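Notebook open, model loaded. I want to go through the packing, the cysteines, the rings and a few odd spots, one at a time.

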Amino acid sequence: MKSYSITPVSARDEVAAMHDRLTAFNGTRMKPLIDAPRWESDLLGEVDLRFEEGLFIERERQHVAPLLEDLPVDATGFMAWFEQLGREGPGQNDRLFPWLAQEATLEQMRWFLAQEVAGEAGFDDLVALTQVRFPARAKLEMARNFWDEMGRGHEAGMHGPMLERTAAELDLAQCAGPTVWESHALANLMAALASNRRYAYQSVGALGAVEMTAPGRVSLINIGLRRLGVSAEGRQYFQLHAGLDIRHSREWNVEIIAPLVAADPATARPIAEGALMRLRAGERCFASYRHVLGVA
């Protein structure tokens, strides 16, 4: 089945326009408001966008369906399958990241990070949205994960502002060129899964895939940033996640995914869908980045 990265130009333009609309929608849908005098018309417009969002997610589910034909649904078998994604899943061991560590110029690294920041949907908010009405064991682990994201109550340790400090030091707001649609699609995917309860289990899988696969990539990004002279403060986000996400992944798998599947084998497929959709979205990003950056 074709992925967006190899669709014809006209179709690519249509997909990019859709993700521009969803990006704008996701930029406002969760913001606290003091008043909404046009709430009726806003709601009508939101219906159209949420319908478009749903069609996007259903297409993504169809794309990963062939990879789920022999999916184990017992907890032990499923966890072996899930953890294998961290080694051999879509987008893993992409040559982009050794290149960033060893060869990228500062301008190339800045462009890459500007794309990554645009694709960042806010892990803390995604966890908070996902945990609603889950069983106590899963909810408690998501709470512990969220507390780490919140710097355990200290503003200086909050993960979101750490990434903002990287962006400020490298002046990513001034990077030339638009954000590629694949980066917007990744953020839109994660926001859609966490914001819609019909995709709650897919969100669990997607977030688990992030925790499982991030450490190797962020470690290489940190090496590249250090090579290019970025300060320890500017690299803090990547240094931290190179180690912390290993623990987060282990605990997410043990405390959330395995118990959910053990309690109800029907949850295995949507959790697997979410993981694969997230990894495929990352794979599309890496291919697009390599194309723009000229990575051999």
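**Entry 1: a glycine and a ring residue.** I started with Gly-216, which comes out partly exposed, with a relative accessible area of 44%. This is a predicted model, so I read everything below with that in mind. Gly-216 lies in helix H10. I then asked how far Gly-216 is from Phe-97 in space, given that 119 residues separate them in sequence. The C-alpha to C-alpha distance is 8.9 Å. Next I looked at Arg-217, and I found that Arg-217 lies over the face of Phe-97, 6.0 Å from the ring centre. That made Phe-97 worth following up.

**Entry 2: rings.** I looked up the aromatic pairs and got 8 of them. One is Phe-97 with Phe-112, edge-to-face, with the centres 6.0 Å apart and 80 degrees between the planes. Phe-97 sits in helix H4 (residues 96-102) and Phe-112 in helix H5 (residues 106-118), so this pair ties together parts that are 15 residues apart in sequence. Both Phe-97 and Phe-112 are buried.

Another edge-to-face pair is Trp-111 with Tyr-289, at 5.8 Å centre to centre and 90 degrees between the planes. What does this pair link? It joins distant parts of the chain, with Trp-111 in helix H5 and Tyr-289 in helix H12, 178 residues apart. I checked burial for both partners: Trp-111 is buried at 11% relative accessible area, and Tyr-289 is buried at 0%.

Then I put the rings together. Phe-97, Trp-111, Phe-112, Phe-286 and Tyr-289 form one aromatic cluster.

**Entry 3: the core.** Which residues touch the most other members of the largest nonpolar core? I get Phe-78, Phe-82, Leu-96 and Phe-112, out of 74 residues in that core. Helix H12 (residues 268-293) supplies the largest share, 12 residues. So Phe-112 turns up twice in my notes, in the aromatic cluster and among these core residues.

I opened up Phe-78 for a closer look. Leaving out residues up to four places away in sequence, Phe-78 touches Leu-71, Pro-72, Ile-257, Val-261, Ala-268, Ile-271 and Ala-272.

**Entry 4: cysteines.** How many disulfides does the structure hold? I count 0. The sulfur of Cys-175 has its closest cysteine sulfur in Cys-285, and the 16 Å between them is too far for a bond. Cys-285 is likewise in no disulfide. I also checked whether these two are buried or exposed. Cys-175 counts as buried because its relative accessibility is 15%, under the 20% cut-off. Cys-285 counts as buried too, at 1%.

**Entry 5: buried polar side chains.** I went to Gln-202, found in helix H10 (residues 200-227). Gln-202 is buried, with a relative accessible area of 3%. What does its side chain pair with? The side chain of Glu-273, through a polar contact of 2.8 Å. The rest of the surroundings of Gln-202, again without residues up to four places away, include Arg-61, Leu-193, Pro-270, Gly-274, Ala-275 and Met-277.

Thr-130 gave me a similar lookup. Thr-130 is in helix H6 (residues 123-130), and at 0% relative accessibility Thr-130 counts as buried. A polar contact of 2.7 Å joins its side chain to that of Ser-203. Outside its neighbours within four places in sequence, Thr-130 is in contact with residues including Met-142, Ala-194, Arg-197, Ala-200, Val-204 and Leu-207.

**Entry 6: positive phi.** Last, I looked for residues other than glycine with a positive phi. Asn-93 has phi near 60 degrees. I placed Asn-93 in the loop between helix H3 (75-88) and H4. Is Asn-93 buried or exposed? It counts as exposed, because 71% relative accessibility is over the 50% cut-off.

Asp-171 also has a positive phi, about 50 degrees, although it is not a glycine. Asp-171 is in the loop between helix H8 (159-169) and helix H9 (181-195). With a relative accessible area of 39%, Asp-171 is partly exposed.

How values were computed: Residues are numbered from 1 along each chain as its sequence is written. This is a predicted model: local features need pLDDT of at least 70, side-chain atom pairs count only at pLDDT 80 or more; totals for chains, interfaces and linings use all residues. Side-chain values use heavy atoms; hydrogens and water are left out. A nonpolar core is a set of buried Ala, Val, Leu, Ile, Met, Phe, Trp, Tyr and Cys residues joined through side-chain atoms within 4.5 Å. Buried means under 20% relative accessible area, exposed over 50%, partly exposed in between (1.4 Å probe, protein chains only). Helices (H or I, at least four residues) and strands (E, at least two) are DSSP runs, numbered from the N terminus. Contact means heavy atoms within 4.5 Å. A disulfide is a pair of cysteine sulfur atoms within 2.5 Å. Rings of Phe, Tyr and Trp (its six-membered ring) pair if their centres lie within 6.5 Å; planes under 30 degrees apart count as stacked, over 60 as edge-to-face and the rest as tilted. A charge sits over a ring if NZ of Lys or CZ of Arg is within 6 Å of the ring centre and within 35 degrees of the ring normal. A polar contact is a pair of N or O atoms within 3.5 Å; within protein, one must be able to donate a hydrogen and the other to accept it, and residues adjacent in sequence count only if both atoms are side-chain atoms.
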